[in-house]
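Subject: The two-chain model

Hi,

Here is the structure I promised to pass on. Have a look at it first, and my notes follow underneath.

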Amino acid sequence: MAGIVSYGAYVPPTRLGFGVMSGRPAKPGEEGPERAVAWADEDAITMAVAAGANALRGFDRAGVDALLFASTSHPFREKQSAALIAKALDLRRDVATADVAGSLRAGTGALRAAFDAVAAGSARRVLVIASDQRPAAPGSALERAFGDGAVAFLVGNDDPIAVFEAAHAVADEIVDVWRGEGDRFVHTWEDRFVVQEGYAPVLAEAVKGLLGKLGEGAGELARACLYAPDERSLAGVAKACGLRREQLQDALFGRLGNTGCAFAPLLLAAALESARPGERLLVAAYGDGAEALALRTTAQLEKLEPRRGVSWHLARRRPVRSYDRFLRARNLDAREYEPARDQGLSATIHFRERDEDVSFVGQRCRSCGGLQFPNQRVCERCFAKDDFAPERLSDKTGSVVTYTFDFFFPTPDPPTIVTITEIDGARVHLQLVDARPEDVKLGMPVEFSFRRIHEVGGRPNYYWKARPYDPEGFAAHDPEGFAAHDPEGFAGATHGSGR
Amino acid sequence: MSRGTLRDKVAVVGVGCSQFGENWDMAPSDMIVDAAYEAYADAGIDDPQRRIDAVFTGSIYSQKGPHECSDALKLFAKPVTMVSNYCATGTDAFRCGVLSVAAGLYDTVLVVGYDKPKDRGVSGPSVMMNQVRDLPQTPAGWFALCAATYFDKYGAGREDLGRIAVKNHHNGTLAPKSFLKREITLEEHAQARMISWPFGLYDCAAQTDGAAAAVITRADLAKSFRADPIWVKGVTVIAGPNPQKDPSNDFLSWKPTGWAADDVYRQAAIDDPRRQIQVAQLHDCFTLTELLSYEDLGFCAKGAAREHIASGVFELGGELPVNTDGGLKTFGHPTGATGVRMIYENVLQLRGQAGPRQVPGAELALSHNIGGHPTACGIAILGNS
């Protein structure tokens, strides 16, 4: 039976406290309500790559037949995100890819389509990723409500950890939340209208319809993972559906925020982290209607190696110290001139280098066995010519050979940590992210993260960056150490004196 | 493989240098004319259109090719070549001129190095924005990559870099055509704003406009220009791997400098550079680059630069003064001009014309450029006998 074989999540470690949004300075160690924010080098695509890689940990990437990518915040108006994500994940060239867009139901819709494809036999394994970084006007209520994040599910019919049971959808035309052509930010009609005529009755209609198809009452559910604009509206829908409070998966208001089309699927991933075999889970999303899916966990759930899921990411925080920094990272600060857009990054160079830049694939010399990056015709070590096998670097770990902190390189958040990183003998010039300069040590272990590198040519350009590798593994929590990380808290001029 | 020598085949008979600085009111052609006509006068040439057989120019910012130089000087109906090799451009243009004379192709050649970075509207060097993978690339970021490793291994630190900056700021006050004429203190160095750790503002060369020129000729013709020609003892430019992906790079030195030193010392028959060379102009794009070059050129053992800096070996009045005119740090660094500007300074030193910064009795002088990531090193050795 079609079901979920594996899952993974991604939540950016950068968190914006509601107090900081109101202009108060962040205090070290303070833990108030906050939201996750994709930083300047992240977007829906980079978060999707991270979540996808987490779902694929321990699974053969060549076995993925299709990739469905759901988002309301695709970085390109015209250009497929899924193909770029497939390339960054180094999936097979004949993988079927599609973007699902334009709706907060895109995540559950893509998941349902994947179950259907596997059930119909048109694909053995489908990777479904939902990722959103929705734009909200500075100072608006939506800016506070939104959060950024991504989730991925590997769907298949071999050894699923949760099988798909049934779905029920409702289509409903309403102008409540929208972003039109050319609009910079998401708009919403008055929230009382949105909840009373849209969200609450329509989501309840979908949930009750699904329960009717299952022939069971709400009491049989172990967990309900429901999209909600806020805590109070969620409680209202739960009551209308006959759900008890303890059946509701924590919607993470004040910790993660409303992650758009990834919201309900992210809660499903969180539910899978703590579920036991044989439990029924419900996931339901709202947006111009609603869609509810039911799954039942299997004994395989306990055999799946620990995932980098929701709790792993929530435990890793870097508070943003000032609201101005957040605005700069989002390109929402006032500037005299827009950044130069005509420096002519060549599309043909991008085309030639996509194996290296997007897939992060290097080459291993068949003659001497050495690994090198980027691709070259002649071996750096033994000078053999044109005798290499491609080898993916993105899921390896590396170590820092040397580094500097570049204050000159243009970024909203200087300094840029620059390293030479050794990956299985190959030397690669990489930025290091998710760390403060004082955390950087010679020889420190790193892993790799797909990020925005710059916007030359007026479009997002992507490449890989190093980030500190946590050798404790996927389940380890180090909130003390990681919470202390702070993208701004660096007094660069004094760093390293006396070395 | 066999390598010959250029020793004593070619002589420098004239040198010139424009004022280095933020030359807002000068075009590249203005600076080229200043430098070249000073070099003509120095060589006793008053009819350059007849006496100059060929021109070798070096620039990395110019988009106009060799024509910019030939048009400025109205040197037509002659071969004109432009060389571009990052910061080694000036030395490479000089090398190409020397090669052409040594090959017997021309009698007398003009070498011009120049650049005009201050027309770009930005302070400091370009941030490379050409490709996806090449980012982020700032020159300070490239050259800083030896710092963490070198400091870790040899115990040196920012204060050692500070002594180099203080020295070069002092020397620059003694050179009439230098850009910065201001002494700094170790404390000012330590407190300067950070550019790319460990390089603060005073660890970085001053990017300026400027041009420098040299007239070179066949050895047997040299004394027909002037009685005290300066002899080319050796010149080379050597390529190295990109250190950012070189799997065997130790980030304790830049490989091309060592290789270039081997080649040029062989040409010049030098086996004890510390004793045989009396004055040197080293590529101090950043203070650490100068520090590493002391070691990579054999002026002291690897890891020993710190104690030699502390004892003043490389200061004016020391055993082997380095960057007597302030170097890239304060004389200025118009990339294509720098190697030729070093030839200019060394020629003055070898003739005893360097005024208050004169190194007494200098007989052999070395100039050194390293450029790219760095991926190329040029060295020239001149002598007065």
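Let me start with the salt-bridge tally: chain B and chain A share 1 salt bridge. The partners are Lys245(B) and Glu380(A), whose side chains come together at 3.0 Å, N to O. Bear in mind throughout that this is a predicted model.

Polar contacts add to that, with 13 residue pairs counted between chain B and chain A, both residues at pLDDT 80 or more. On chain B's side, α6 (147–154), α7 (158–172) and β5 (194–196) each put at least two residues into the face that touches chain A. The top contributor there is α6(B), with 4 residues. By type, that face of chain B splits into 17 nonpolar, 13 polar and 6 charged residues.

As for the overall extent, 36 residues of chain B and 44 residues of chain A take part in the contact. Between them the two chains bury about 3,600 Å², and 62% of that area is on carbon and sulfur atoms.

Since α6(B) came up, a bit more on that helix. Its buried residues are Ala147(B), Ala148(B), Thr149(B), Tyr150(B) and Phe151(B). They pack against elements from both chains: β18 (398–406) of chain A, plus α7, α11 and α12 (305–310) of chain B. Right after the helix, Gly155(B) has a positive phi of about 75 degrees.

Next, α9 of chain B. This helix covers residues 255–268, 14 residues in all, and spans 20 Å from first C-alpha to last, close to the 20 Å expected at 1.5 Å a residue. The list of buried positions in α9(B) runs through Pro256(B), Thr257(B), Ala260(B), Ala261(B), Asp263(B), Val264(B), Tyr265(B), Gln267(B) and Ala268(B). What do they pack against? Within chain B, the partners are the strands β8 (230–239), β10 (364–371) and β11 (376–383), along with helices α10 (273–276) and α11 (287–296). Just past the end of α9(B) there is another positive phi, about 55 degrees, at Ala269(B).

I also zoomed in on one residue of that helix, Tyr265(B). Its relative accessible area is 9%, under the 20% cut-off, so Tyr265(B) counts as buried. Beyond its neighbours within four places in sequence, Tyr265(B) touches Ile270(B), Pro273(B), Ile277(B), Leu297(B), Phe299(B), Leu366(B) and Ile381(B). For a sense of scale, Ala310(B) is 45 residues from Tyr265(B) in sequence and 27 Å from it in space, C-alpha to C-alpha.

Last stop, chain A. Gln247(A) sits in the loop between α7 (231–241) and α8 (263–274) of chain A. Is this residue buried or exposed? Gln247(A) is buried, because its relative accessibility is 2% and the limit is 20%. Its side chain reaches two backbone oxygens, that of Ala218(A) at 2.8 Å and that of Leu221(A) at 2.9 Å. With neighbours within four places in sequence set aside, the contacts of Gln247(A) are Ala218(A), Gly219(A), Leu221(A), Ala222(A), Arg223(A), Ala224(A) and Gly242(A).

If you open just one view, I'd pick the pair Lys245(B) and Glu380(A), where the salt bridge between the chains is found.

Cheers

Definitions and conventions:
Residues numbered from 1 in each chain as written. Chains lettered and ligands numbered in written order. Predicted model: local features only at pLDDT ≥ 70, side-chain atom pairs only at ≥ 80, totals over all residues. Heavy atoms only, no water. Expected span 1.5 Å × (residues − 1). Buried < 20%, exposed > 50% of the residue type's maximum accessible area, 1.4 Å probe, protein only. Contact = heavy atoms within 4.5 Å. Buried area = accessible area lost by both parts, 1.4 Å probe. Salt bridge = Lys/Arg side-chain N within 4 Å of Asp/Glu carboxyl O. Polar contact = N/O pair within 3.5 Å; in protein donor to acceptor, adjacent residues only side chain to side chain. Nonpolar A, V, L, I, M, F, W, Y, C, P; charged D, E, K, R; others polar.
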